Amino acid sequence: MKRYFALIAMLAVFLFPTFADAASVAIDPVSDYADMLTDAEESELEQRLEYIRNTYAADTAIVTVPTLDGKSAEAYADDFYDYNGYGIGPDDSGILLLISREPRNYHMTTMGRCFDIFNDAAIDYMCSNVEAQLRNDNYYEACMRFAEDCESVLSDYENGERFEEPKSVGMLFIMLGIALVLAITITAAAKSSMKNARPGVNADLYAEGRKVNLIGSRDVFLYSDVTKTPIPKQQSGGGSTGHISSSGRMHGGGGGSY
């Protein structure tokens, strides 16, 4: 029943955006309007997301909808987040996953502290994991993977580590193979350049039969020509690529189709 009250409130906010602040309501961590999850799956996901929310002070939520009502998945996710009471702290920190049944789109939107925590690398990695499950209509697995990745990124950030996309085992083998081919090529080229060398048996081979007098010789330094090129400073940190929602607030995130 609470799901239907939340849906009514959401529709009211979208229909009457001028009353968005007054009508803002707190919605459960999982709002399955498209009926993609069983009650048991929804309950398990809610417990997982509430644990993440309480442990890392970052709102984490999942919303499924039957349609996007003509909006883009990004705009729908942003508006749903902005107008429904999501976010923790003065900057309304959090991350929300939106999944649409028709069209088959999804989007993750971030805000506040989570805008910086979930950088572009983290969002791309999480999207690839979620999309892989959505393509096979494994909605629960996609949502659970989202929750697991959220917890992992937040945990690493609290330990002072920014997310960097891990390299696959296959990629490591490819890199090692390239290094090995380069090493063999360089070694072969070096050996080839030494084929004309012959060992010397007499010191006369290195002289032309005339003496060289070095008395009084000196090097004269005429001038110097130094070119200085400034080295650009490396930018550290950085969150995801941002955009402004219809409410005028900055969001990060990313998504795609499945």
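Helices and strands are DSSP runs numbered from the N terminus, a helix having at least four residues and a strand at least two. Everything in these close-ups comes from a predicted model.

**The sheet, strand by strand: six strands in the order E1-E2-E3-E4-E6-E5.** What you see here is an open sheet with mixed pairing. Strand E1 (30–32) and E5 are the edge strands; each has a single partner, so one side of each has no neighbour in the sheet. Further in, E3 and E4 run antiparallel to one another, paired over 6 bridges. To get your bearings in that pair, look for Leu98, whose bridge partner in E4 is His107. Helix H3 (residues 39–56) packs on the sheet as well, touching E1 and strand E2 (59–67), and its direction makes about 145 degrees with that of E2. Strands in a sheet are held together through backbone hydrogen bonds, in either the parallel or the antiparallel sense.

**Helix H7 laid across the sheet.** H7 lies over E2, E3 and E4. Compare its direction with E3: the angle comes to about 165 degrees.

**Helix H6 and what covers it.** H6 is a helix of 15 residues, and from first C-alpha to last it reaches 21 Å, close to the 21 Å expected at 1.5 Å a residue. Which residues of H6 are buried? They are Ala122, Ile123, Met126, Cys127, Asn129, Val130, Glu131 and Leu134. The cover over these buried residues includes E3, E4, H7 and E6.

**The turn between E3 and E4, with its cis proline.** Pro103 sits in the loop that joins E3 to E4. The peptide bond running from Glu102 into Pro103 is cis, and its omega is near 0 degrees. For context, most peptide bonds are trans.

**A salt bridge that reaches that same loop: Asp137 with Arg104.** The side chains of Asp137 and Arg104 meet here, N to O, at 3.0 Å. This pair ties together distant parts of the chain, 33 residues apart: Asp137 is in the loop between helix H6 (120–134) and helix H7 (139–158), while Arg104 is in the loop between strand E3 (94–102) and strand E4 (105–111). How accessible are the two partners? Asp137 is partly exposed at 39% relative accessible area, and Arg104 is partly exposed at 29%.

**Arg249 and Asp82, a long-range pair.** Arg249 meets Asp82 in a salt bridge, with 2.8 Å from N to O. These two link distant parts of the chain, 167 residues apart, with Arg249 in the loop between strand E5 (243–244) and strand E6 (250–257) and Asp82 in helix H4 (residues 73–82). Asp82 counts as buried, because its relative accessibility of 11% is under the 20% cut-off. Arg249 is partly exposed at 21%.

**Asp59 and Arg53, a buried acid with a partly exposed base.** The closest N and O atoms of this salt bridge are 3.2 Å apart. Asp59 is buried at 8% relative accessible area, whereas Arg53 is partly exposed at 33%. By the rule used here, the model holds 8 salt bridges. In general, side chains of opposite charge can pair when their charged atoms come close.

**Two loop residues with positive phi: Ala57 and Asp92.** Ala57 sits in the loop between H3 and E2. Its phi is near 55 degrees, a positive value in a residue that isn't glycine. Ala57 is also partly exposed, at 39% relative accessible area. Asp92 lies in the loop between H4 and E3, and its phi, too, is near 55 degrees. At 23% relative accessibility, Asp92 is partly exposed. Most residues other than glycine have a negative phi.

**Where to go easy on the detail: stretches with pLDDT below 50.** Across the protein the mean pLDDT is 77, with 60% of residues at 70 or more. Residues 167–175 fall below 50, and in the model this stretch has 2 contacts beyond near neighbours in sequence. Residues 226–239 are below 50 as well, with 9 contacts beyond near neighbours in sequence. Where pLDDT is low, the predicted coordinates shouldn't be read in detail.

Conventions:
Residues numbered from 1 in each chain as written. Predicted model: local features only at pLDDT ≥ 70, side-chain atom pairs only at ≥ 80, totals over all residues. Heavy atoms only, no water. Salt bridge = Lys/Arg side-chain N within 4 Å of Asp/Glu carboxyl O. Buried < 20%, exposed > 50% of the residue type's maximum accessible area, 1.4 Å probe, protein only. Expected span 1.5 Å × (residues − 1). Contact = heavy atoms within 4.5 Å. Pairing = 2+ DSSP bridges. Axes fitted to C-alpha atoms, helices over the stretch in contact; angles between N-to-C directions. pLDDT = per-residue confidence, 0-100.
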